[in-house]
Amino acid sequence: MRITARSLLLMICITSNSLFGLSKEHELYLLHCSGCHGLKGEGVIGVSPQINRIIGYFLANREGRKYIIKLPGIALAPLSDEQLADLLNWVGSQFSSPSFSFQKFTKEEISKERKEPLWDIEKERKELLKRLPGNRVLSRSWEQFISSASPKQ
Ligand code: HEC
């Protein structure tokens with residue numbers, strides 16, 4: 001068999017645990033979330049809300065954590081409970097503002113909450129915001145997402 005540079009690179013990628021030295025959680029984020037939310041969670045105009053800098057408000061609150069797990073893009077992701085817990089813990093530590101500490105997600109918590117995904121997200125989020133800190137920041141980030149998502153007349 002002739003080993004070319006390209007086949008050698010492919011072999012390294014397949015046999016190593018991680019692509020290009022990224023952590024497995026980072027890889028999961030790139031594969032399952034970044035297409036919509038952007039490489040750094042900055043959001044994509046008309047497609048998805050920004051998640052960096054705002055996710056900490058949700059993670060520090062019990063109801064907020066449930067909301068996150070029950071979002072269809074998360075609850076229905078083709079990932080095991082354990083992978084999802086690792087991924088959300090990574091997202092929380094990478095993207096949340098440094099002033100927020102949060103309790104790590106466990107696979108048990110994920111397994112329980114993802115069984116009932118949210119359908120009326122906007123209504124749920126509105127209700128939730130009444131009980132969360134950072135209400136103004138969270139309202140503003142959502143308004144930006146909604147206004148750019150609605151068709152311009
Ligand atoms: C197909 C596009 C898509 C994918 C893939 C996706 N999301 Fe989302 N995400 C959205 C949209 C759109 C919303 C707004 C709520 C809704 O309509 O679901 C959202 C909402 C969110 C929110 C709540 C933001 C807020 O301000 O309420 C978080 C956090 C989030 N997503 C994280 C993730 C993570 C982590 C992944 C990867 C497992 C992911 N999303 C995958 C499109 C996506």
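This is a walk through a predicted model, from its overall fold to single residues.

Start with the whole chain. It has ten helices and zero strands. Read along the sequence, the pattern is therefore helix after helix, α-α-α-α-α-α-α-α-α-α. Of its 153 residues, 22% are buried. Now take the contacts with a sequence separation of 6 or more. Residues 24 or more positions apart account for 62% of them.

Next, look at one helix pair. Helix H2 spans residues 24–32, and helix H7 spans residues 81–95. Their axes lie 9 Å apart, and the two helices pack at an angle of about 90°. Angles of 65 to 115 degrees count as roughly perpendicular, so H2 is roughly perpendicular to H7. H2 brings Glu25, His26, Leu28 and Tyr29 to the contact. H7 answers with Gln83, Asp86, Leu87, Trp90 and Val91. By class, the contact has five nonpolar, two polar and two charged residues.

H7 also leads into the core. The largest nonpolar core has 20 residues. Ile55, Leu84, Leu87, Leu88 and Val91 touch the most other members. Four helices each supply at least two residues of this core: H2, H4 (55–59), H5 (62–70) and H7. H7 gives the most, with six residues. Leu87 and Val91 are also among the H7 residues that meet H2. Leucine 84 is worth a closer look. Setting aside residues up to four places away in sequence, leucine 84 touches Ile74, Ala77, Leu79 and Ile110.

Turn to the ligand. The shell around the ligand holds 22 residues, and His32, Cys33, Cys36, Ser48 and Gly73 come nearest. Several helices contribute. H3 (34–37), H6 (72–75), H7, H9 (121–129) and H10 (135–149) each supply at least two residues of the shell. The shell divides into 15 nonpolar residues, six polar and one charged. H7 thus appears in the H2 contact, in the core and in the shell around the ligand.

Finally, pick out alanine 75. Alanine 75 sits in helix H6. Is this residue buried, exposed or partly exposed? Alanine 75 has 17 other C-beta atoms within 10 Å, so it is partly exposed; a buried residue would need 20 or more. Leaving aside neighbours within four places in sequence, alanine 75 is in contact with Ile69, Lys70, Arg114 and Pro117. Leucine 118 shows how the fold brings distant positions together: alanine 75 and leucine 118 are 43 residues apart in sequence and 8.8 Å apart in space, C-alpha to C-alpha.

Note on methods: Residues numbered from 1 in each chain as written. Predicted model: local features only at pLDDT ≥ 70, side-chain atom pairs only at ≥ 80, totals over all residues. Axes fitted to C-alpha atoms, helices over the stretch in contact; angles between N-to-C directions. Parallel < 35°, antiparallel > 145°, perpendicular 65-115°, else oblique. Contact = placed C-beta atoms within 7 Å. Nonpolar A, V, L, I, M, F, W, Y, C, P; charged D, E, K, R; others polar. Core = buried A, V, L, I, M, F, W, Y, C linked by C-beta atoms within 7 Å. Buried ≥ 20, exposed ≤ 12 C-beta atoms within 10 Å, placed from the backbone. Near = placed C-beta within 6 Å.
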